[in-house]
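Grab a pencil and open the viewer. Try each exercise yourself before you peek at the solution under it.

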Amino acid sequence: MNVVDIRDAAGRIHPHIHLTPLIHSLSFSQMSGAEIFLKAENLQKTGSFKVRGAFNKLIQLRESQVIAASMGNHAQAVAFAASRLGKEATIVMPETVALNKEEATRSYGARVVLHGTTLTESLQYAREQQTAFIHPFDDPQIIAGQGTIGLELCRQLENIDTILVPVGGGGLIAGIACAVKELSPATRIIGIQTEAAPSASRSFTSGTLTAQQPAPTLADGIAVGQVGRQTLAIMNQYVDEMMLVDENRIAEAILLLMERKKLVVEGAGAVPLAALLQYPRHFQGRRVILLISGGNIDFTVVDHIIHRGLAANGRITIITLEIQDVPGSLHKVTGIIADQRGNILNVHHERLVADLPFGFLRAAITIETRGPGHGRTIAAQLENEGYTVLSHQSSP
């Protein structure tokens, strides 16, 4: 596959997709010391980049019936593309798939079959059916479709130093890397994975396919057990580096994208920003594009993600202390916190603790703060007032 195949794909799918915006972020630029742009594929049809590859593949298929397996975004993309092209789609999804993604897939007119507990099991079942199978990433036509993003980036911005791309099975980064490296060889392409699902990173480092069962992660869209054979070959040729990010950084990135850019982004789409937060010195002084791959977040876990993101950047602090078990004691403590402009979110106190002095209780107070320094100031003021602060933490 080469840039000609990607250009052909771009012409093929042009009537069916959005040209997504490239958004400059002053706040992220100031935060990192780099010049940061966001390629907002979360604003693409069906909420992710996957629709590009789906259209490129399905347009070239003669068959009227297709089958695919996916945890969500590929499922929605194939279902949507099939409905627009007059084809019938069956989508196999793991029994553990998020309900919102299952229902979204059905809403595009596909028949959904729940089979297996992992994507690997769903893929195997789909392959066994006597229907044209649409692989989520390890297919040259899918890769070429995703690569159309690379063509757009080179038209939208000059002198790109670095592009950070989420990596699951590798279809997205393979396509983008192939397009960009042939048009702008000096641009560095860096793949980002979560530490919970590092199969592509390990395969890239070793140069051979390496399977790794994913652990639970906020970035479920890239929780793939093994990178594709074809995608790895292209990655080995064009990709410069792979990075791993932790779950707290992903949560923080999701929250920042909501707050600073008013963008709803799923965990997989937030990992490029997570990498910027985790490795800021790596990108200082560079012109960097963060590929925001999708926005199909499970809203049933948004509250947890927001809380985790606030804790990760020190804006939620938990202070545990001992206070006298007499009327008015807790009121005095909350007054000190209020004087320091801390906002109390929750108070949990207990008396039946073996190591508590007689006549005391232990209170764990969750406080909304302006940052880690603010939390430390509140803890110090409580100690100055004579209270015994047992612990002070600003992480989940």
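## Exercise 1: Walking across a sheet

In this predicted model, 6 strands build an open sheet, with mixed pairing and the order S1-S2-S10-S7-S8-S9.

**Task.** Find which strands are the edge strands, then look at how S1 pairs with S2 and how S8 pairs with S9.

**Solution.**

- Step 1. An edge strand pairs on one side only, and here that description fits strand S1 (22-25) and strand S9 (241-245).
- Step 2. As you step from one strand to the next, the twist averages 25°.
- Step 3. Now zoom in on S1. Together with strand S2 (residues 35-40), S1 makes an antiparallel pair over 4 bridges. For a landmark, click on Leu22: its bridge partner in S2 is Lys39.
- Step 4. Hop over to S9. S8 and S9 run parallel and are joined by 5 bridges. Your landmark here is Gly191, which stands opposite Met242 in S9.
- Step 5. Strands of a sheet pair through backbone hydrogen bonds, in either a parallel or an antiparallel way.

## Exercise 2: An edge strand and a helix, buried or exposed?

**Task.** Work out how covered S9 is, then do the same for helix H12 (residues 267-278).

**Solution.**

- Step 1. Use the cut-off: a residue is buried when its relative accessible area is under 20%.
- Step 2. In S9, 4 of the 5 residues are buried, so the rest of the structure largely encloses this strand. Recall that S9 is an edge strand, pairing on one side only.
- Step 3. In H12, 11 of the 12 residues are buried, so you can call the helix mostly covered. Among the buried ones are Gly267, Val271, Pro272, Leu273 and Leu277.
- Step 4. For the chain as a whole, buried residues make up 55% of the 396 residues.

## Exercise 3: Two helices that cross

**Task.** What is the angle between helix H1 (residues 3-13) and helix H7 (residues 140-156), and which residues make the contact?

**Solution.**

- Step 1. Two packed helices are described by the angle between their axes and by the distance between those axes.
- Step 2. For H1 and H7, the angle is about 95° and the axes are 8 Å apart.
- Step 3. That makes H1 roughly perpendicular to H7.
- Step 4. On the H1 side, the contact is made by Val3, Asp5, Ile6, Arg7, Ala9, Ala10 and Ile13; on the H7 side, by Ala144, Gly145, Gly147, Thr148 and Leu151.
- Step 5. Sort these by class and you get 7 nonpolar, 3 polar and 2 charged residues.

Fancy one more helix? Helix H8 (residues 171-183) lies across strand S7 (162-166), strand S8 (188-194) and strand S10 (287-292), and runs at about 170° to S8.

## Exercise 4: Why are there 0 disulfides?

**Task.** Explain why a search of the whole structure finds 0 disulfides, taking Cys154 and Cys178 as your examples.

**Solution.**

- Step 1. A disulfide is a covalent bond between the sulfur atoms of two cysteines.
- Step 2. The cut-off for the two sulfur atoms is within 2.5 Å.
- Step 3. For Cys154, the closest cysteine sulfur is in Cys178, and it sits 11 Å away, so that is too far for a bond.
- Step 4. Turn it around: from Cys178, the closest cysteine sulfur is in Cys154, again 11 Å away and too far for a bond.
- Step 5. Check the surroundings too. Cys154 is partly exposed, with a relative accessible area of 23%, while Cys178 is buried at 0%.

## Exercise 5: Hunting for positive phi

**Task.** Where in the chain are Lys262 and Arg341, and are they buried or exposed?

**Solution.**

- Step 1. Most residues other than glycine have a negative phi.
- Step 2. Lys262 has a positive phi, near 55°. Lys262 is found in the loop between helix H11 (247-261) and H12, and counts as exposed at 63% relative accessibility.
- Step 3. Arg341 also has a positive phi, near 65°. Look for Arg341 in the loop between helix H14 (329-339) and strand S12 (343-350); with 64% relative accessibility, Arg341 counts as exposed.
- Step 4. Leaving aside neighbours within four places in sequence, Arg341 is in contact with Arg370 and His374.
- Step 5. Finish with a long jump: Arg341 and Phe133 are 208 residues apart in sequence and 58 Å apart in space, C-alpha to C-alpha.

Terms used. Residues are numbered from 1 along each chain as its sequence is written. This is a predicted model: local features need pLDDT of at least 70, side-chain atom pairs count only at pLDDT 80 or more; totals for chains, interfaces and linings use all residues. Side-chain values use heavy atoms; hydrogens and water are left out. Buried means under 20% relative accessible area, exposed over 50%, partly exposed in between (1.4 Å probe, protein chains only). Helices (H or I, at least four residues) and strands (E, at least two) are DSSP runs, numbered from the N terminus. Two strands pair if DSSP finds at least two bridges between them. Axes are lines fitted to C-alpha atoms, for helices over the stretch in contact, and angles run from 0 to 180 degrees between N-to-C directions. Contact means heavy atoms within 4.5 Å. Angles under 35 degrees count as roughly parallel, over 145 as roughly antiparallel, 65 to 115 as roughly perpendicular and the rest as oblique. Ala, Val, Leu, Ile, Met, Phe, Trp, Tyr, Cys and Pro count as nonpolar, Asp, Glu, Lys and Arg as charged, and the others, Gly among them, as polar.
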